[in-house]
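I opened my notebook to look through one structure. I wanted short entries, one topic at a time.

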Amino acid sequence: MAATDRLGLGALRAGRSQRLTVPTDLSIVGFDGIYVHQLAELPITTIQQPLATIAQHMFALLMKQLAGETVTSVYVVPELLYGATTA
């Protein structure tokens with residue numbers, strides 16, 4: 001599990017340099033899902049953050065707070081995008 005898709009891409013390259021087979025010897029899951037997971041020779045499995053939805057909630061909460069209203073946290077569910085780096 002990599003903290004970002006960039007780190008997942010690095011793990012993929014490091015595994016390949018050690019002659020490991022992905023996903024047989026090494027499975028990789030990144031986090032972000034913005035676009036980097038598509039740049040690898042194998043698409044990296046990633047947990048995608050719905051950035052547009054997050055931005056909409058942030059804006060709405062900010063506007064409420066500026067209007068003096070009480071705001072509460074909003075939980076936005078990420079999505080698992082399966083790539084070729086997991087079996």
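My entries follow, from confidence to the sheet, then the surface and a buried glycine.

**Entry 1: confidence**

I noted that this is a predicted model. So I looked up the confidence before anything else. The mean pLDDT of the chain is 93. I also saw that 100% of the residues reach 70 or more. Where is confidence lowest, and where is it highest? It is lowest in helix 1, residues 5–17, at a mean of 93. It is highest in helix 2, at 96.

**Entry 2: the sheet**

I turned to the strands. I found an open sheet of 3 strands, in the order 1-2-3. The pairing is mixed. Which strands are at the edges? They are strand 1 (29–32) and strand 3 (79–81), and each pairs on one side only. I looked up the twist as well. Neighbouring strands of this sheet are turned by 25° against each other on average, direction ignored.

**Entry 3: strand by strand**

I took strand 1 and strand 2 as a pair. Strand 2 covers residues 45–48. The two strands pair in the parallel sense, over 4 bridges. I picked out two residues and their partners. Val 29 has Thr 45 in strand 2 as its bridge partner. Asp 32 stands opposite Gln 48, again in strand 2.

Then I went across to the other side. In what sense do strand 2 and strand 3 pair? They pair in the antiparallel sense, over 3 bridges. Here Thr 46 stands opposite Leu 81 in strand 3.

I added one general reminder about side chains. In a regular strand they alternate between the two faces of the sheet.

**Entry 4: a nonpolar patch**

I moved to the surface. Which residues make the nonpolar surface patch? They are Ile 34, Tyr 35, Leu 39 and Leu 51. The patch has an area of about 400 Å².

I followed Leu 51 further. Leu 51 lies in helix 2, which spans residues 51–66. The relative accessible area of Leu 51 is 43%. Partly exposed means between 20% and 50%, so Leu 51 counts as partly exposed.

**Entry 5: a buried glycine**

I went back to helix 1, where Gly 8 is found. Is Gly 8 buried or exposed? Its relative accessibility is 0%, so Gly 8 counts as buried. The cut-off for buried is under 20%.

Last, I looked up a distance. Gly 8 and Thr 53 are 45 residues apart in sequence. In space they are 24 Å apart, C-alpha to C-alpha.

How values were computed: Residues numbered from 1 in each chain as written. Predicted model: local features only at pLDDT ≥ 70, side-chain atom pairs only at ≥ 80, totals over all residues. Heavy atoms only, no water. Pairing = 2+ DSSP bridges. Axes fitted to C-alpha atoms, helices over the stretch in contact; angles between N-to-C directions. Patch = residues over 30% accessible without salt bridge, like charges linked within 9 Å, V, L, I, M, F, W, Y side chains within 5 Å. Areas by Shrake-Rupley, 256 points an atom, 1.4 Å probe, with all protein chains shown as cover. Salt bridge = Lys/Arg side-chain N within 4 Å of Asp/Glu carboxyl O. Buried < 20%, exposed > 50% of the residue type's maximum accessible area, 1.4 Å probe, protein only. pLDDT = per-residue confidence, 0-100.
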